[in-house]
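Subject: Structure handover and findings

Hello,

Here is the structure we talked about handing over. Please open it alongside this email; my notes follow below.

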Protein chains: 2
Amino acid sequence: MTNDHQIVLLPSGRRGTVPEGTTLLEAARSLGVDIESICGGKQICGKCLISPEFGEFAKHGITADASGVSAPDAVERDYAERHNLNLEEVRLSCAATLCGDAVLNVPERSLARKQSIRKAARDVTVTVDPACRLYYVDVEPSTMGTRGDWKRIKAALEKVHGVSGVTLDPALLPMLQRALRECDWTITVTVWNDREVIAVQPGFSEKIYGLAVDVGSTTIAGHLANLRTGEIIGTHSVMNPQVRYGEDLMSRVSYGMMNAGGVDKMHRAVVKSLNTLAKEIATEADIDPAHIAEVILVGNTVMHHIMLNIDPVELGGAPFALATEEAIDMKARDFGLKSIGRGSMVHILPCIAGHVGADNTAVLLSEFSGARDNISLVVDIGTNAEILLGTGTDIYSASSPTGPAFEGAQIEHGQRAAVGAIERVRIDRETGQPTYKVIGDDRWSHSLAADETLSPTGICGSGIIEVIAELFLAGVLNPQGQFASNALENPYVRPREKTAEYVLVPAEKSANGKDIVVTQQDIRAIQLAKGALYAGIRLLMDHMQIEQVDEVKLAGGFGSYIDPKYAMILGLIPDCDLSAVSAVGNAAGDGALIALLNITERTRIQEMTEQVHYVETAVEPAFQDHFVAAMAIPHASAPYPHLADILPAPVAAEATTGRRRNRRRNR
Amino acid sequence: MTNDHQIVLLPSGRRGTVPEGTTLLEAARSLGVDIESICGGKQICGKCLISPEFGEFAKHGITADASGVSAPDAVERDYAERHNLNLEEVRLSCAATLCGDAVLNVPERSLARKQSIRKAARDVTVTVDPACRLYYVDVEPSTMGTRGDWKRIKAALEKVHGVSGVTLDPALLPMLQRALRECDWTITVTVWNDREVIAVQPGFSEKIYGLAVDVGSTTIAGHLANLRTGEIIGTHSVMNPQVRYGEDLMSRVSYGMMNAGGVDKMHRAVVKSLNTLAKEIATEADIDPAHIAEVILVGNTVMHHIMLNIDPVELGGAPFALATEEAIDMKARDFGLKSIGRGSMVHILPCIAGHVGADNTAVLLSEFSGARDNISLVVDIGTNAEILLGTGTDIYSASSPTGPAFEGAQIEHGQRAAVGAIERVRIDRETGQPTYKVIGDDRWSHSLAADETLSPTGICGSGIIEVIAELFLAGVLNPQGQFASNALENPYVRPREKTAEYVLVPAEKSANGKDIVVTQQDIRAIQLAKGALYAGIRLLMDHMQIEQVDEVKLAGGFGSYIDPKYAMILGLIPDCDLSAVSAVGNAAGDGALIALLNITERTRIQEMTEQVHYVETAVEPAFQDHFVAAMAIPHASAPYPHLADILPAPVAAEATTGRRRNRRRNR
């Protein structure tokens, strides 16, 4: 009978008894701490480092001395020498065995499931447990009468790594025998979902990457991650080439309807761009795109359908039927992604409903993780506003037809958020004089010398929100969004047709030498857009039977630029403590990244999408009522106690005496 | 509580009790007789016809009258009228229900697993139970808030047919919504292996076909079958275009070695031919190739590797390692077969060893079915002779390097078996005068008028076997295969170099105006080939520890032309009752067809190949000994009691006093 020894793992403090001679790796695994090992204990990969700690550990009631762990053998000493490793501090846990009680410190980087933290708009933390994993095997050489190459690889996978029942993607057969022979019968295989070998590399390799892509209507944005460490090693965007077939989604749907082969053309265009994106992001990160094992794709339902070459025509009208809403796993080559590995996979997140696509699912994944009680409102504003409302377990979703006004379209001097666009506006309450900032410059226009100019090219979404809100606060606009009866007394307001316009930038200061103005028409467009957005949110609050949200997250590009205060003054979003309103950046991209790095999250989100309460705004009569009521600034029906000291007195009085604040009426 | 009724099914005689109101279809299924139903009981497909029988059935102890089965309702009467069905004789078993005791006659054509009989070289009977099946479903229409198209199809599949957990080939997504809407929310799907939807057809369809192909070194031969009925609806061959890269296998292996991109070139050539074959066979049978749901491929190991674009170089030398020997299921599109359905499958039968390919597995499938005790020897002669020896459960296999002599190569006037080739030869024992027949003509040359000729173009494999055997029987050749010392006295023998040659056809009778002769060199080539073949067989008999086989089956083209008697006289095969020697035609093609039509047979053969005892002739010292001993005609070591009255007296005496006949020495 062998002796048993006490071990304690740090930093977790897990403890247990293991038999003498157990490797440190096996000891840690037996106590539930999974250690990374690509090579399966061959002392090749060096991923399984563990530090034995010595001394008395009163807290853990254990004394550990150097004799508790076996001395390094020649192979380990050789490895240490080649990799400059101090064996007195760290050991290859697959090689070192237990000879006595021991305290073992497991560094984060040796865990099979590491924590990955993304530094972007904010931190996103995800446990690295991807669908694709590397396994290094030393395969029995081929001799007379042995089994074929694949069967011997399979046997080694089972013996060394306990991975059984895997199949081989037949498309890899042409490269199998060379890969196996190139490094003397050693090979590293990439296994997808413990099910299929999707890549082979000769000898030992650590190369395994993944790509998470948000296929937006305008921009296709990707993150490249190391699937072993979870590290983000590249970020890259390309334009969505479909823009040439229509700026907004509905015009692309009709392009597909009006033109034979139109859908196929748009499909090929987006697939081509994805191939380009993969190649470029790989080049920038200095990796071989062939080592990209998996690509996660998210997008709205129209993008989802077109990228799968499904005619989006059904999404153009009721009943907005999806061809499929299920998550899709397919070969990248079947998708048309041929710039990456021959056996690589594509995973497309599930959709929720005809207007709520895989991009929303991704937002759900990044913003509604874990069980929580507080009520979050997540708004992703594009041509449609995608709205998610709920707790960690009870979630409502809707899509509101805001139109493209927030993106600068339908606005006389509107433009996309790009360098030169006015993004911030302040208006003097007394004089009505504007000051503004443009994207790409930190200075306010009023701080410049007389002969200097910011040369604005137009107004982007956040700029138009601010200028309208400021005009309202300055009394130039009335709560109905019309130029006030005395507006023309303001030197920056001049008549236009039957109404007026506000001159934000005079011709001599603008980039193209023409006045940049805000028209009654522009204001009307924004009122319609924000009315639709608020009505959608309000509808979900009705369904959830709440009067108040605890936090508001603004997702997407527009959400990043917009000032929460102005969004609230104009009534885009319901009342909320301003400090609880935040921009979350590309939440869809973050969600795609989470799905890329963690397979369990995919299962979770699949279940979650099936439980989401989808509310179809197009068929709810209450939507129209909310919409009409929400046109005013800020609309009569909504209480905004958090804005009491900002809004003009009479309006604020009305607003703060609105309906009584009830967290949830009926729950 | 409902009443229970007695039912008896004919012709099986199965009986049992079922509750009142059960449909005849369910009643039959509950007694283990599976009835075909594509439409799942919607009274659309008419596949489930059953005849209720009336009267006293003393043998079964049951009396059945018309009241035992429900009267037809309007839908069934309407179906009967449209399809000219007499409802007094047959009923839609999905519609008719039981109201009393009943005797139900189930015609063969209504069985879910029919018997298919192929009429070719011989009958091959196989139960039709293919991997691909059709299911018709009536899907819930899309309305506001319903699930996507695919989820609703899946729900209908589960509800109507009990098929659950199937996935959809994502490549079908582009055609799904149109197919579903074209016939008012009805669709017929093809499900592969109860696992994946691989095709969709709008409305109700019975169209499902499969292709079984033997990819031979020279000829690619396919059978097209209806996967519902098992009927063979087409047979078609094309040349293997790889012939231009080398006649025999080893020259193709070296073409791949010597030429960059050579393997890929050969790969693309064979895939192109398979596409052509599929298109042509479909056109001839007047079906749409898109309805070919599955293709079974078999071939020797070199063909197997090249068709998968695997470099066959490893098969060119020891240890003859296969990249994989496992059965392969893959998408036809990944294989390169794009002329058939977009989601269709390719199944490649498993290989056995480096020289024993999927074609042999197919032969195993067609010739070693079921548990049997008698010992079969199956020989498939090509450039290599593939040998299978055993009972239904204990099987030995080897490949013998016969070279191409049997195919007419390496023979001075040899040629492939084609019209004009001499295939039969008789030599007058007294005069030495030959008479012969050519392929494509039924007449013997000696029966022609003096001014007539058969204009032979050369000698094919069977002809060269016969002429050498006849020369031996006529005493022109001695048992060592040399021209006898007195051979030159024969008027048809003339000197050639240090030895002689036999004039089979004088110049004035041949097609090209030159003598067709048999040289010492030719005889030597055949001796080497037949020595190798016999040595391989003998080696397997040693391994199996037997001295006698019960039957000999000659497979392949050469096996069909050769006369078993001459094969035995020359010593190609061991002694056996001549009536137990038969040609089985393209047994590999038959095996492919069996695998196409019956999924259970695939599992069986997979297990069987793993149990086959493969004997590598190249490393067995005994092979060389057997080979040397087998060069003589008939060789000294082999007893041929069945030829005692044919062989020349002294030889026969020696042969029949050989080793004692032991069935199995040690078992």
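How many bridges join β29(B) to strand β30 of chain B, and in which sense do the two run? There are 4 bridges, and the strands run parallel. Before going on, a caution: this is a predicted model.

**Strand β29 of chain B**

β30(B) covers residues 581-585. Its Gly585(B) is the bridge partner of Ala555(B). β29(B) also pairs with strand β20 of chain B, residues 376-381. That pairing is parallel too, over 5 bridges. Leu377(B) sits opposite Val552(B) there.

Is β29(B) enclosed or open to the outside? Largely enclosed by the rest of the structure, because 5 of its 5 residues, 551-555, are buried. Both faces are covered. Glu551(B), Lys553(B) and Ala555(B) are buried on one side. Val552(B) and Leu554(B) are buried on the other. Note that Glu551(B) and Lys553(B) appear in that buried set.

**How the copies relate**

Chain A superposes on chain B by a rotation of 180°, with 0.1 Å of shift along the axis. The RMSD is 0.2 Å. The two copies are therefore related as by a two-fold rotation axis. In chain A, Asp334(A) has the C-alpha nearest that axis, at 4.4 Å.

The interface fits this picture. Of the interface residues of chain A, 100% are also interface residues in chain B, so the copies meet through the same surface.

**Nonpolar cores**

The largest nonpolar core has 108 residues. Which residues have the most contacts inside it? They are Leu297(A), Phe335(A), Ile153(B), Ile187(B) and Val197(B). Both chains are thus named in that list. Helix α6 of chain A, residues 262-285, gives the largest share of this core, with 10 residues.

Leu297(A) is worth displaying. Leaving out residues up to four places away in sequence, Leu297(A) touches Phe335(A), another of the residues with the most core contacts. Its other contacts include Val213(A), Val215(A), Leu274(A) and Met307(A). Val346(A), His347(A), Ile348(A) and Leu349(A) are touched as well.

A second, separate core has 107 residues. Among them are Ile153(A), Leu172(A), Ile187(A) and Cys351(B).

**Helix α5 of chain B**

This helix covers residues 249-258. Its buried residues are Leu249(B), Arg252(B), Val253(B), Tyr255(B) and Gly256(B). They lie on the same side of α5(B), because they cover an arc of only 155° around the axis. What do they pack against? The partners are α6 (262-285) and α7 (301-307) of chain B. The face turned away from the buried side carries Met257(B) and Met258(B), both exposed.

**Salt bridges**

Over all chains, the structure holds 67 salt bridges. Glu466(B) takes part in two that I would show together.

One is with Arg424(B), at 2.8 Å from N to O. Arg424(B) lies in strand β23 of chain B (421-427) and Glu466(B) in helix α10 of chain B (461-473), so the pair ties together parts 42 residues apart in sequence.

The other is with Arg426(B), also at 2.8 Å, N to O. Arg426(B) lies in β23 of chain B as well, so this pair links α10 to parts 40 residues apart in sequence.

Are these three side chains' residues buried or exposed? Glu466(B) is buried, at 0% relative accessibility. Arg424(B) is buried too, at 18%. Arg426(B) is partly exposed, at 27%.Elsewhere in chain B, Glu501(B) forms a salt bridge with Arg494(B), with the closest N and O atoms 2.8 Å apart. Glu501(B) is buried at 6% relative accessibility, while Arg494(B) is partly exposed at 31%. Salt bridges with shared partners also join Asp169(A), Glu196(A), Lys331(A), Arg333(A) and Asp334(B) into one network.

**A sheet in chain A**

Last item. An open sheet of 3 strands in chain A has the order β24-β23-β25, with mixed pairing. Its edge strands are β24 (434-438) and β25 (458-459), each pairing on one side only. Strand β23(A), residues 421-427, pairs with β25(A) in the parallel sense over 2 bridges. Ile422(A) stands opposite Ile459(A) in β25(A).

Best wishes

Terms used: Residues are numbered from 1 along each chain as its sequence is written. Chains are lettered from A and ligands numbered from 1 in the order in which they are written. This is a predicted model: local features need pLDDT of at least 70, side-chain atom pairs count only at pLDDT 80 or more; totals for chains, interfaces and linings use all residues. Side-chain values use heavy atoms; hydrogens and water are left out. Buried means under 20% relative accessible area, exposed over 50%, partly exposed in between (1.4 Å probe, protein chains only). Two strands pair if DSSP finds at least two bridges between them. Copies are superposed by least squares on the C-alpha atoms of residues with pLDDT of at least 70 in both. Contact means heavy atoms within 4.5 Å. A nonpolar core is a set of buried Ala, Val, Leu, Ile, Met, Phe, Trp, Tyr and Cys residues joined through side-chain atoms within 4.5 Å. The arc is that of the directions from the helix axis to the C-beta atoms. A salt bridge is a side-chain nitrogen of Lys or Arg within 4 Å of a carboxyl oxygen of Asp or Glu.
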